[in-house]
Amino acid sequence: MRRWLALLVAATTSLVLIALLVPMALLIRAVAENGAMSRATAAAESVAVAVGTPDLALAVEQVARPVTVFLPGGGTVGRPAGRSDAVRLAATGRSVTADADGGREVLVSAQSPGGTAVIRVFVPDDELMRGVREAWLALLVLGLALVVLGIVLADRLALAVTRPVDGLARVSHRLAGGDLTARAEPGGPPEVRSVAMALNHLAGRIDELLAAERESVADLSHRLRTPLTGLRLDAESLRDPEEAGRIQARVDALERAVSAVITEARRRSAGRGSCDAAAVVRERVRFWSVLAEDQGREVAISLPAGPLPVAVGAEELAACVDALLGNVFAHTPEGASMSVRLEPRPSGALLTVSDAGPGFEPALLERGISGGDSTGLGLDIARRTAESSGGGLTVSTPAGGGARVEVLLGAAP
């Protein structure tokens, strides 16, 4: 927008300046020519007064211009020059101005006792254009300065408009990324201020809706607990112990599923959090190392020395790491080595979990598909965790065998 406004102002200013400066340049040239011709005419008239007197030669010498006097008898006084058609026309008693090689000539007729004499004053082109080029150069510099000044002023004006718009765009991106505390600073023209206030109102309304959603989730948990408790009591009242145990197991499974749904809903409504990925991964690897030691697995871990903030909550990242490490223990034979590496990336962090097992097919990324008796949700949990932070998940099989899962996590805002 700034560039287009600058081009528009430059084009408009240039057209206006051309419309003004071109006539002014022509006027300056005409004034310079008229001044030179007037001075030449005055010099010719001063010589015409001395025609027919003995002081004619002295009068010609006193004029600081090339002067030629054509006498009636055919003689000349002053600078030699040929009798042109303009001279013969002036000899009839008329004053004439005519073009000549290298300039112009002013011809003034004067009466003498022997007839009509013609005084010729030559004006060279240099005198006709004296000061004109300098004036044209000054006009050109002035025009360029005005164009530059117009562009600068247009850029300042455009900046006053585009800066608030850029701020609105940044706030919109922050809101889209889950930062519901972002608010626009009203500024600029009234229309832009109105848009900023509308965006702030929208952000506040989103906050209110999410708060209402959190309250609804909390209310949902209480609503679901009540019928589950009733089912549990009904199961306990059954006379057949085997049937009662089976029903209670189903009720327990249903309660765990409901709890998981409520927890996920609360997590989504609470917005995206952040945590120190290095600390979370270190703690979860330490937890699984006990089982790895029992199974004789070699665990290699590589973590950054300092904190590595990512745009994922600590509980969510811990669940992601548990899902990946749980897959290794579930789908590789005991004794198979594994490695966990966390390294910083310009866009956040890269978590890599590798193992020396038989590997797996990329189709396992699909929700619910598993290579064994599991639910097949482990990789899907890791994928959703990565995508919620603005990253992604990649599964590959190294040349030496085994499996490698890379989880790219977005940087914390």
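In this predicted model, five strands make up an open sheet in the order E7-E9-E10-E12-E11, and their pairing is mixed. At the edges stand strand E7 (299-302) and strand E11 (392-396), each of which has a single partner strand, so one side of each is left without a neighbour in the sheet. Averaged over neighbouring strands and with direction ignored, the turn of one strand against the next in this sheet is 10 degrees.

Within this sheet, strand E9 (residues 338-345) pairs with E10 in the antiparallel sense over eight bridges, and Ser-339 has Ser-354 in E10 as its bridge partner. Two helices pack on the sheet: helix H8 (residues 277-294) touches E7, E9 and E10, while helix H9 (residues 314-331) touches E9, E10 and strand E12 (403-410). The angles that they make with strands of the sheet are tabulated here.

| Helix | Strand compared | Angle between directions |
|---|---|---|
| H8 (residues 277-294) | E9 | about 180 degrees |
| H9 (residues 314-331) | E10 | about 20 degrees |

Ser-354 is found in strand E10 (residues 348-355). Ser-354 counts as buried because its relative accessible area of 14% falls under the 20% cut-off. Leaving aside residues up to four places away in sequence, Ser-354 touches Met-338, Ser-339, Ala-403 and Arg-404.

Another open sheet is built from five strands in the order E2-E1-E5-E4-E3, with antiparallel pairing. Its edge strands, strand E2 (76-78) and strand E3 (96-100), each pair on one side only, and neighbouring strands of this sheet are turned by 25 degrees against each other on average, direction ignored. Five bridges join E3 to strand E4 (residues 103-112), the two running antiparallel, and Ala-100 stands opposite Gly-103 in E4. Helix H1 (residues 2-48) lies across strand E1 (67-70), E3, E4 and strand E5 (115-124), and runs at about 145 degrees to E5.

On the surface, a nonpolar patch is formed by Leu-137, Leu-140, Val-141 and Leu-144, which together have about 400 Å² of accessible area; of these residues, Val-141 lies in helix H5 (residues 132-176).

For the chain as a whole, there are ten helices and twelve strands, and 35% of the 413 residues count as buried. The chain exposes about 23,700 Å², of which carbon and sulfur atoms supply 60%. Among contacts between residues at least 6 apart in sequence, 59% join residues at least 24 apart.

Notes
Residues numbered from 1 in each chain as written. Predicted model: local features only at pLDDT ≥ 70, side-chain atom pairs only at ≥ 80, totals over all residues. Heavy atoms only, no water. Pairing = 2+ DSSP bridges. Helix = DSSP H or I, 4+ residues; strand = E, 2+ residues; numbered from the N terminus. Axes fitted to C-alpha atoms, helices over the stretch in contact; angles between N-to-C directions. Contact = heavy atoms within 4.5 Å. Patch = residues over 30% accessible without salt bridge, like charges linked within 9 Å, V, L, I, M, F, W, Y side chains within 5 Å. Areas by Shrake-Rupley, 256 points an atom, 1.4 Å probe, with all protein chains shown as cover. Salt bridge = Lys/Arg side-chain N within 4 Å of Asp/Glu carboxyl O. Buried < 20%, exposed > 50% of the residue type's maximum accessible area, 1.4 Å probe, protein only.
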